[in-house]
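Visitor: I should like to understand the reasoning behind the terms used for this structure. May we begin once it is on display?

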Amino acid sequence: MQTTQRAQEEDGWPDIPGDTALTIKVPEADPLVRVGFPAHVTVLYPFLHESRIDARVHRELAELFAGHDAFTLTFGEFGRYPGVLYLDPWPHDPVVALTKDLTRRWPEALPYRGIFGPGPGPHLTVAVSDDPADSGAAHDACEAELAASLPLTRHVRAVHLIVWDGTRWRDRTAYDLGKPVSCRA
(Lines give C-alpha, C1' and ligand atoms only; values in the text may rest on other atoms or scores of the structure.)
Protein backbone atom coordinates (compact mmCIF):
# COMPACT_ATOMS: atom_id res chain seq x y z
CA MET A 1 0.00 0.00 0.00
CA GLN A 2 1.30 3.44 -0.85
CA THR A 3 2.20 5.70 2.05
CA THR A 4 -0.25 8.43 0.96
CA GLN A 5 -3.13 5.97 0.71
CA ARG A 6 -2.26 4.47 4.12
CA ALA A 7 -2.17 7.95 5.69
CA GLN A 8 -5.57 8.79 4.17
CA GLU A 9 -7.10 5.58 5.46
CA GLU A 10 -5.66 6.13 8.94
CA ASP A 11 -7.19 9.63 8.90
CA GLY A 12 -10.57 8.15 7.88
CA TRP A 13 -10.40 9.00 4.19
CA PRO A 14 -11.00 8.19 1.39
CA ASP A 15 -14.50 6.77 1.04
CA ILE A 16 -14.53 2.99 1.13
CA PRO A 17 -16.69 0.99 -1.31
CA GLY A 18 -19.84 0.09 0.58
CA ASP A 19 -19.81 3.25 2.70
CA THR A 20 -23.27 4.73 3.12
CA ALA A 21 -24.56 8.15 4.05
CA LEU A 22 -27.92 9.63 4.93
CA THR A 23 -28.51 12.92 3.12
CA ILE A 24 -31.06 15.58 2.28
CA LYS A 25 -31.09 16.34 -1.44
CA VAL A 26 -31.23 20.02 -2.40
CA PRO A 27 -31.54 20.07 -6.21
CA GLU A 28 -32.37 23.80 -6.17
CA ALA A 29 -28.75 24.41 -5.16
CA ASP A 30 -27.14 22.16 -7.81
CA PRO A 31 -26.32 25.14 -10.09
CA LEU A 32 -24.36 26.75 -7.23
CA VAL A 33 -22.23 23.74 -6.31
CA ARG A 34 -18.63 23.72 -7.59
CA VAL A 35 -17.68 20.25 -6.36
CA GLY A 36 -18.14 16.87 -8.04
CA PHE A 37 -21.37 15.80 -6.34
CA PRO A 38 -24.99 17.00 -6.21
CA ALA A 39 -26.12 19.56 -3.64
CA HIS A 40 -27.04 17.98 -0.33
CA VAL A 41 -26.99 18.38 3.42
CA THR A 42 -25.42 15.42 5.19
CA VAL A 43 -27.46 13.99 8.04
CA LEU A 44 -24.95 11.24 8.85
CA TYR A 45 -21.76 10.16 7.06
CA PRO A 46 -20.70 7.46 7.17
CA PHE A 47 -23.67 5.43 8.32
CA LEU A 48 -23.32 1.64 8.37
CA HIS A 49 -21.42 -0.35 5.75
CA GLU A 50 -23.80 -1.45 3.01
CA SER A 51 -23.32 -5.12 3.99
CA ARG A 52 -24.94 -4.37 7.38
CA ILE A 53 -28.09 -2.79 5.98
CA ASP A 54 -30.71 -5.50 5.97
CA ALA A 55 -34.52 -5.51 6.20
CA ARG A 56 -34.39 -4.87 9.96
CA VAL A 57 -32.16 -1.78 9.55
CA HIS A 58 -34.39 -0.46 6.74
CA ARG A 59 -37.43 -0.90 8.97
CA GLU A 60 -35.73 0.84 11.89
CA LEU A 61 -34.66 3.73 9.64
CA ALA A 62 -38.18 4.08 8.24
CA GLU A 63 -39.61 4.17 11.78
CA LEU A 64 -36.99 6.65 13.01
CA PHE A 65 -37.58 9.07 10.12
CA ALA A 66 -41.37 8.67 10.33
CA GLY A 67 -41.08 10.04 13.88
CA HIS A 68 -39.76 13.37 12.56
CA ASP A 69 -41.98 15.90 10.81
CA ALA A 70 -41.13 17.30 7.40
CA PHE A 71 -39.47 20.72 7.61
CA THR A 72 -38.22 23.60 5.49
CA LEU A 73 -34.59 24.70 5.21
CA THR A 74 -33.57 28.14 4.00
CA PHE A 75 -30.13 28.73 2.52
CA GLY A 76 -29.50 32.45 2.79
CA GLU A 77 -25.91 32.80 3.93
CA PHE A 78 -22.50 31.39 3.22
CA GLY A 79 -20.20 29.96 5.85
CA ARG A 80 -16.66 28.64 5.85
CA TYR A 81 -14.66 25.83 7.33
CA PRO A 82 -10.94 25.66 6.54
CA GLY A 83 -10.83 25.19 2.76
CA VAL A 84 -14.61 24.80 2.46
CA LEU A 85 -17.25 27.29 1.33
CA TYR A 86 -20.77 26.20 2.24
CA LEU A 87 -24.36 27.35 2.42
CA ASP A 88 -25.72 27.46 5.95
CA PRO A 89 -29.12 25.72 6.16
CA TRP A 90 -31.51 27.36 8.59
CA PRO A 91 -32.79 26.20 10.98
CA HIS A 92 -30.16 23.67 12.06
CA ASP A 93 -32.35 22.01 14.69
CA PRO A 94 -34.27 19.53 12.49
CA VAL A 95 -31.08 18.21 10.89
CA VAL A 96 -29.26 18.02 14.22
CA ALA A 97 -32.22 16.15 15.75
CA LEU A 98 -32.08 13.56 12.95
CA THR A 99 -28.34 13.08 13.42
CA LYS A 100 -28.70 12.74 17.20
CA ASP A 101 -31.44 10.13 16.88
CA LEU A 102 -29.38 8.14 14.37
CA THR A 103 -26.21 8.20 16.47
CA ARG A 104 -28.18 7.35 19.60
CA ARG A 105 -29.55 4.24 17.84
CA TRP A 106 -26.26 3.40 16.03
CA PRO A 107 -23.48 4.81 18.26
CA GLU A 108 -20.81 3.16 16.09
CA ALA A 109 -21.78 5.53 13.25
CA LEU A 110 -19.57 8.46 14.22
CA PRO A 111 -20.23 11.59 12.14
CA TYR A 112 -17.33 12.01 9.70
CA ARG A 113 -15.65 9.04 11.41
CA GLY A 114 -14.97 11.28 14.42
CA ILE A 115 -12.28 13.20 12.50
CA PHE A 116 -13.83 16.58 13.35
CA GLY A 117 -14.75 15.86 16.97
CA PRO A 118 -18.47 16.47 17.38
CA GLY A 119 -18.49 17.24 13.66
CA PRO A 120 -19.24 20.26 11.56
CA GLY A 121 -22.77 21.56 11.83
CA PRO A 122 -25.30 21.09 9.05
CA HIS A 123 -24.01 22.56 5.79
CA LEU A 124 -24.26 22.33 2.01
CA THR A 125 -20.79 22.28 0.47
CA VAL A 126 -20.40 24.71 -2.44
CA ALA A 127 -16.63 24.71 -3.04
CA VAL A 128 -13.54 23.03 -1.63
CA SER A 129 -9.96 24.23 -1.91
CA ASP A 130 -6.95 21.94 -2.05
CA ASP A 131 -5.03 24.60 -0.13
CA PRO A 132 -7.15 25.82 2.81
CA ALA A 133 -4.61 28.55 3.65
CA ASP A 134 -5.00 30.06 0.19
CA SER A 135 -8.77 29.66 -0.35
CA GLY A 136 -9.94 33.09 0.84
CA ALA A 137 -9.81 34.98 -2.44
CA ALA A 138 -11.29 32.09 -4.43
CA HIS A 139 -14.14 31.67 -1.97
CA ASP A 140 -14.73 35.45 -1.88
CA ALA A 141 -15.10 35.42 -5.67
CA CYS A 142 -17.42 32.41 -5.54
CA GLU A 143 -19.61 34.08 -2.91
CA ALA A 144 -19.80 37.28 -4.96
CA GLU A 145 -20.81 35.30 -8.06
CA LEU A 146 -23.50 33.25 -6.30
CA ALA A 147 -24.95 35.67 -3.72
CA ALA A 148 -27.68 36.93 -6.06
CA SER A 149 -29.08 33.37 -6.24
CA LEU A 150 -29.90 33.36 -2.53
CA PRO A 151 -31.99 32.70 -0.58
CA LEU A 152 -33.04 29.21 -1.60
CA THR A 153 -35.58 27.14 0.27
CA ARG A 154 -36.14 23.41 0.33
CA HIS A 155 -39.10 21.61 1.87
CA VAL A 156 -37.58 18.41 3.24
CA ARG A 157 -39.91 15.42 3.05
CA ALA A 158 -37.37 12.58 2.93
CA VAL A 159 -33.87 11.50 3.85
CA HIS A 160 -31.91 9.52 1.25
CA LEU A 161 -29.62 6.57 1.85
CA ILE A 162 -26.75 6.66 -0.65
CA VAL A 163 -23.93 4.15 -1.22
CA TRP A 164 -20.35 4.67 -2.41
CA ASP A 165 -19.62 2.06 -5.11
CA GLY A 166 -15.92 2.90 -5.38
CA THR A 167 -16.48 5.38 -8.20
CA ARG A 168 -19.45 7.51 -7.20
CA TRP A 169 -22.30 7.84 -4.74
CA ARG A 170 -25.52 6.09 -5.82
CA ASP A 171 -29.06 6.37 -4.47
CA ARG A 172 -30.21 3.33 -2.56
CA THR A 173 -33.54 4.38 -1.04
CA ALA A 174 -35.42 7.27 0.54
CA TYR A 175 -37.20 7.41 3.89
CA ASP A 176 -40.23 9.66 4.29
CA LEU A 177 -40.41 12.06 7.20
CA GLY A 178 -43.57 12.14 9.33
CA LYS A 179 -45.37 9.29 7.62
CA PRO A 180 -46.58 6.22 9.48
CA VAL A 181 -44.78 3.01 8.58
CA SER A 182 -47.04 0.13 7.61
CA CYS A 183 -46.15 -3.26 9.04
CA ARG A 184 -45.75 -6.02 6.51
CA ALA A 185 -45.31 -9.66 7.39
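Visitor: Why is His123 called buried?
Guide: This is a predicted model, and His123 has a relative accessible area of 10%. Buried means under 20%, so His123, at 10%, is buried.

Visitor: Where does His123 lie, and which residues does His123 touch?
Guide: His123 lies in the loop between helix 3 (93-105) and strand 5 (124-128). Not counting residues up to four places away in sequence, His123 touches His40, Val41, Thr42, Tyr81, Tyr86, Leu87, Pro89 and Tyr112.

Visitor: What makes the approach of the His123 side chain to the backbone oxygen of Gly121 a polar contact?
Guide: The two are 2.8 Å apart. The cut-off is 3.5 Å for a pair of N or O atoms, and the value of 2.8 Å therefore meets the distance criterion.

Visitor: How do you know that strand 3 and strand 6 pair?
Guide: Pairing requires at least two bridges, and strand 3 (residues 71-81) has five with strand 6 (residues 152-156), in the antiparallel sense. Phe71 stands opposite Val156 in strand 6.

Visitor: What joins strand 3 to strand 4?
Guide: Seven bridges join strand 3 to strand 4 (residues 84-90), and the two run antiparallel. Phe75 has Pro89 in strand 4 as its bridge partner. The two strands form a hairpin with two residues between them, and Gly83 in the turn has a positive phi of about 80°.

Visitor: Which residues have the most contacts inside the largest nonpolar core?
Guide: They are Leu22, Ile24, Phe47, Phe65 and Leu124, in a core of 42 residues. Helix 2 (residues 55-66) gives the most to this core, with five residues.

Notes. Residues numbered from 1 in each chain as written. Predicted model: local features only at pLDDT ≥ 70, side-chain atom pairs only at ≥ 80, totals over all residues. Heavy atoms only, no water. Helix = DSSP H or I, 4+ residues; strand = E, 2+ residues; numbered from the N terminus. Buried < 20%, exposed > 50% of the residue type's maximum accessible area, 1.4 Å probe, protein only. Polar contact = N/O pair within 3.5 Å; in protein donor to acceptor, adjacent residues only side chain to side chain. Contact = heavy atoms within 4.5 Å. Core = buried A, V, L, I, M, F, W, Y, C linked by side-chain atoms within 4.5 Å.
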